[in-house]
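Here is a colleague's note for someone opening this entry for the first time. Please read it with the sequence and the structure side by side.

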Amino acid sequence: MEKALISPSILAADFLNLGRDIAALNRSDCDWIHVDVMDGHFVPEVSFGQPVIRAIKKIAEKPLDVHLMIENPLPAIESFVKAGADRLTFHLEAAEDPLAVIRKIHNCGLPAAMAIKPGTPVEEVEPFLSELDMVLIMTVEPGFGGQPILPETIDKIRRLSAKIREEGRNVLIEADGGIKFDNAGLLREAGLDVFVSGSCLFRGNPEENITEFIKRL
Ligand code: DX5
Ligand code: ZN
């Protein structure tokens with residue numbers, strides 16, 4: 001199994017001290033920085049967009065793992081690439097033509113990932129596995145940090161991991177939502193490659209929390 005990757009979600013960062021928190025992630029052992037873009041349509045709240053990504057890009061020393069929780073992502077892909085995304089994840093439920101979105105992301109030179117909400121069967125991503133670099137399994141209903149993990153979503157990771165192995169595909173599995181010290185090991189056993197965590201890692205000292213989180217894997 002690939003090395004486990006940690007992608008702290010800055011939705012849980014201190015927005016009044018974002019530069020300080022990004023600098024802490026730069027110093028930490030995390031692998032990516034997870035950037036939750038929320039449009040107020042696909043999910044209830046609006047978080048931030050291209051201007052904030054441009055600002056973060058100036059100081060970030062880790063790849064920006066941008067999670068688009070936006071309706072109809074296709075026309076926006078290029079602007080997020082230009083803003084500084086290093087990898088882009090869009091929601092299957094938000095795309096009229098998912099294959100067109102994947103190909104657009106690839107044509108812009110970035111890895112492409114497809115996210116599915118808890119209620120979307122994992123089988124729905126299988127037709128796209130040959131085109132994807134990663135699948136994001138939402139382990140909470142998207143739109144808010146600090147929610148408890150939905151246990152029934154863990155089996156989706158197990159099933160997808162088995163399918164990827166069975167087909168011999170080089171596709172990462174990322175999960176996002178309610179991921180904490182006490183469930184990290186269980187998720188790793190289920191086959192998880194990339195761990196998105198917000199409130200757990202940003203409560204207290206992010207560097208220390210990330211070091212501790214890695215020990216749990
Ligand atoms: C929720 C976001 C998650 C969230 C994770 O819609 O996609 O990335 O910020 O935060 P925690 O780890 O607090 O659930
Ligand atoms: Zn996210």
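The numbered points below take up the nonpolar cores, the aromatic pairs, one helix contact and a few single residues.

1. A word of caution comes before the details, since what is shown here is a predicted model. The values discussed below should therefore be read as computed from that predicted model.

2. On the interior, the largest nonpolar core has 62 residues, and the residues with the most contacts inside it are Ile10, Val35, Val66, Phe80, Leu88, Leu160 and Phe195. If residues up to four places away in sequence are not counted, Leu160 touches Val122, Val125, Leu129, Val135, Ile137 and Ile173. Apart from the largest core lies another one, of six residues, and among them are Ala113, Met134, Leu172 and Val194.

3. Ala175 is worth inspecting next, and its place is in strand β7, which covers residues 172-176. Its relative accessible area is 0%, so Ala175 is buried. With residues up to four places away in sequence not counted, Ala175 touches Leu136, Ile137, Thr139, Ile157, Leu192, Val194, Phe195 and Val196. Lys58, by contrast, lies 117 residues from Ala175 in sequence, and the two C-alpha atoms are 27 Å apart in space.

4. The count of aromatic pairs comes to three. In one of them, the ring centres of Phe15 and Phe48 are 5.7 Å apart, and because their planes stand at 65 degrees, over the 60 degrees that the class requires, the pair is edge-to-face. Phe15 belongs to the loop between β1 (5-8) and α1, while Phe48 belongs to the loop between β2 (33-38) and α2 (50-59), so the pair ties together parts that are 33 residues apart in sequence. The two rings can also be described by their exposure: Phe15 is partly exposed, with a relative accessible area of 44%, whereas Phe48 counts as buried at 9%.

5. Another pair is formed by Phe181 and Phe213, whose ring centres are 6.3 Å apart and whose planes are at 50 degrees, so this pair is tilted. Phe181 is in helix α6 (residues 181-190) and Phe213 in helix α8, and the pair thereby links distant parts of the chain, 32 residues apart. Phe181 is partly exposed, with a relative accessible area of 23%, while Phe213 counts as buried at 0%. Ring pairs link Phe181, Phe195 and Phe213 into a cluster, and Phe195 is also one of the residues with the most contacts inside the largest nonpolar core.

6. Which residues make the contact between α1 and α8? The axes of helix α1 (residues 18-27) and helix α8 (residues 206-215) come within 8 Å and cross at roughly 35 degrees, and the crossing is right-handed. The contact is made by Ala24, Leu25 and Arg27 of α1 together with Pro206, Glu207 and Ile210 of α8. Sorted by class, the contact has four nonpolar residues, two charged residues and no polar ones.

7. Two further residues in these helices deserve a look. Asn183 is found in helix α6 and counts as buried, at 9% relative accessibility; leaving aside its neighbours within four places in sequence, Asn183 is in contact with Ile149 and Gly178. Thr211 has its place in helix α8 and counts as partly exposed, at 35% relative accessibility. The C-alpha atoms of Thr211 and Val101 are separated by 35 Å, and these two residues are 110 residues apart along the chain.

Notes: Residues numbered from 1 in each chain as written. Chains lettered and ligands numbered in written order. Predicted model: local features only at pLDDT ≥ 70, side-chain atom pairs only at ≥ 80, totals over all residues. Heavy atoms only, no water. Axes fitted to C-alpha atoms, helices over the stretch in contact; angles between N-to-C directions. Helix = DSSP H or I, 4+ residues; strand = E, 2+ residues; numbered from the N terminus. Left-handed = near helix turned anticlockwise from the far one by under 90°. Contact = heavy atoms within 4.5 Å. Nonpolar A, V, L, I, M, F, W, Y, C, P; charged D, E, K, R; others polar. Core = buried A, V, L, I, M, F, W, Y, C linked by side-chain atoms within 4.5 Å. Buried < 20%, exposed > 50% of the residue type's maximum accessible area, 1.4 Å probe, protein only. Phe/Tyr/Trp six-rings, centres within 6.5 Å; stacked < 30°, edge-to-face > 60°.
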